[in-house]
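Colleague: I would like a close look at a single part of this model rather than a general tour. Please take the way the backbone pairs with itself, and follow it through to the side chains.

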Amino acid sequence: MINSYHYGYEVGPDGHFHHERRGQDGVTYGCYGHVDPNGKLHVTHYVADSRGYRVVEPNKPVQIYLEDEPDWDGYGSGQRETVSIYYN
């Protein structure tokens with residue numbers, strides 16, 4: 001069984017933040033960013049699974065890889081699942 005967690009923080013006047021959640025399936029979802037001096041929000045959304053860390057587009061389906069089992073192309077493939085990541 002994989003331990004799951006959820007954490008986040010926001011820092012001071014420049015609006016730096018980071019939020020992350022890891023599920024019992026071992027996949028980590030998160031976002032981080034800041035507010036620039038002009039008040040514009042800059043955000044990076046990501047997923048980390050058995051193939052590593054990848055930047056993803058929010059509110060779009062993303063392929064995740066649940067196990068690190070080699071397949072014909074030498075990358076972990078294992079059990080595949082497509083999910084949509086939604087952020088408020």
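Modeller: Two strands are taken as paired here if DSSP finds at least two bridges between them. What follows describes a predicted model, and every value in it is computed from that model.

On that basis, five strands form an open sheet, and their order across it is β1-β2-β3-β4-β5. The pairing in this sheet is antiparallel. β1 and β5 stand at the edges with a single partner strand each, so one side of each has no neighbour in the sheet. Averaged over the sheet and with direction ignored, neighbouring strands are turned by 15 degrees against each other. For the wider setting, the protein has seven strands and zero helices, which gives the pattern β-β-β-β-β-β-β along the sequence.

Start at the β1 edge. Strand β1 covers residues 5-11 and strand β2 covers residues 16-22, and seven bridges hold them in an antiparallel pair. One of the matched positions is Tyr7, whose bridge partner in β2 is Glu20. β1 and β2 form a hairpin with four residues between the strands. Gly12 in this hairpin has a positive phi near 40 degrees.

The next step across the sheet is from β2 to β3. These two strands run antiparallel and are joined by six bridges. His18 has Tyr32 in β3 as its bridge partner. β2 and β3 also form a hairpin, here with five residues between them, and Gly26 in the turn has a positive phi of about 85 degrees.

Val27 also belongs to the loop between β2 and β3. Val27 counts as buried because its relative accessibility is 1%, and the cut-off for buried is under 20%. Setting aside residues up to four places away in sequence, Val27 touches Arg21, Arg22, Val47, Ala48, Asp49, Ile64 and Leu66. Its C-alpha is 7.0 Å from that of Leu66, although the two residues are 39 apart in sequence. For the protein as a whole, residues 24 or more positions apart supply 18% of the contacts with a separation of 6 or more.

One of the residues that Val27 touches is Asp49, which lies in strand β4, residues 41-49. Asp49 is counted as buried because its relative accessibility is 12%. The side chain of Asp49 reaches the backbone nitrogen of Tyr65 at 2.9 Å. Outside its neighbours within four places in sequence, Asp49 is in contact with Val27, Arg54, Gln63, Ile64 and Tyr65. The ring of Tyr65 also has the charged end of Arg51 sitting over it, 4.0 Å from the ring centre.

At the other edge, β4 and β5 are paired in the antiparallel sense over five bridges. Tyr46 stands opposite Val55 in β5.

Tyr46 leads on to the aromatic side chains. A search of the whole structure finds three aromatic pairs. One of them joins Tyr32 and Tyr46, with 5.9 Å from centre to centre and 45 degrees between the planes, and it is classed as tilted. Tyr32 lies in β3 (residues 28-35) and Tyr46 in β4, so this pair ties together parts that are 14 residues apart in sequence. The two rings belong to residues with unlike burial: Tyr46 is buried, with a relative accessible area of 4%, while Tyr32 is partly exposed, with a relative accessible area of 34%. Together with Tyr53, Tyr32 and Tyr46 form one aromatic cluster. For comparison, buried residues make up 28% of the 88 residues in the protein.

One loop beyond the sheet deserves a note. Most residues other than glycine have a negative phi. Asn59, however, has a positive phi, near 65 degrees. Asn59 lies in the loop between β5 (52-56) and β6 (61-65), and Asn59 is partly exposed because its relative accessible area is 41%.

Note on methods: Residues are numbered from 1 along each chain as its sequence is written. This is a predicted model: local features need pLDDT of at least 70, side-chain atom pairs count only at pLDDT 80 or more; totals for chains, interfaces and linings use all residues. Side-chain values use heavy atoms; hydrogens and water are left out. Buried means under 20% relative accessible area, exposed over 50%, partly exposed in between (1.4 Å probe, protein chains only). A polar contact is a pair of N or O atoms within 3.5 Å; within protein, one must be able to donate a hydrogen and the other to accept it, and residues adjacent in sequence count only if both atoms are side-chain atoms. Contact means heavy atoms within 4.5 Å. Rings of Phe, Tyr and Trp (its six-membered ring) pair if their centres lie within 6.5 Å; planes under 30 degrees apart count as stacked, over 60 as edge-to-face and the rest as tilted. A charge sits over a ring if NZ of Lys or CZ of Arg is within 6 Å of the ring centre and within 35 degrees of the ring normal. Axes are lines fitted to C-alpha atoms, for helices over the stretch in contact, and angles run from 0 to 180 degrees between N-to-C directions.
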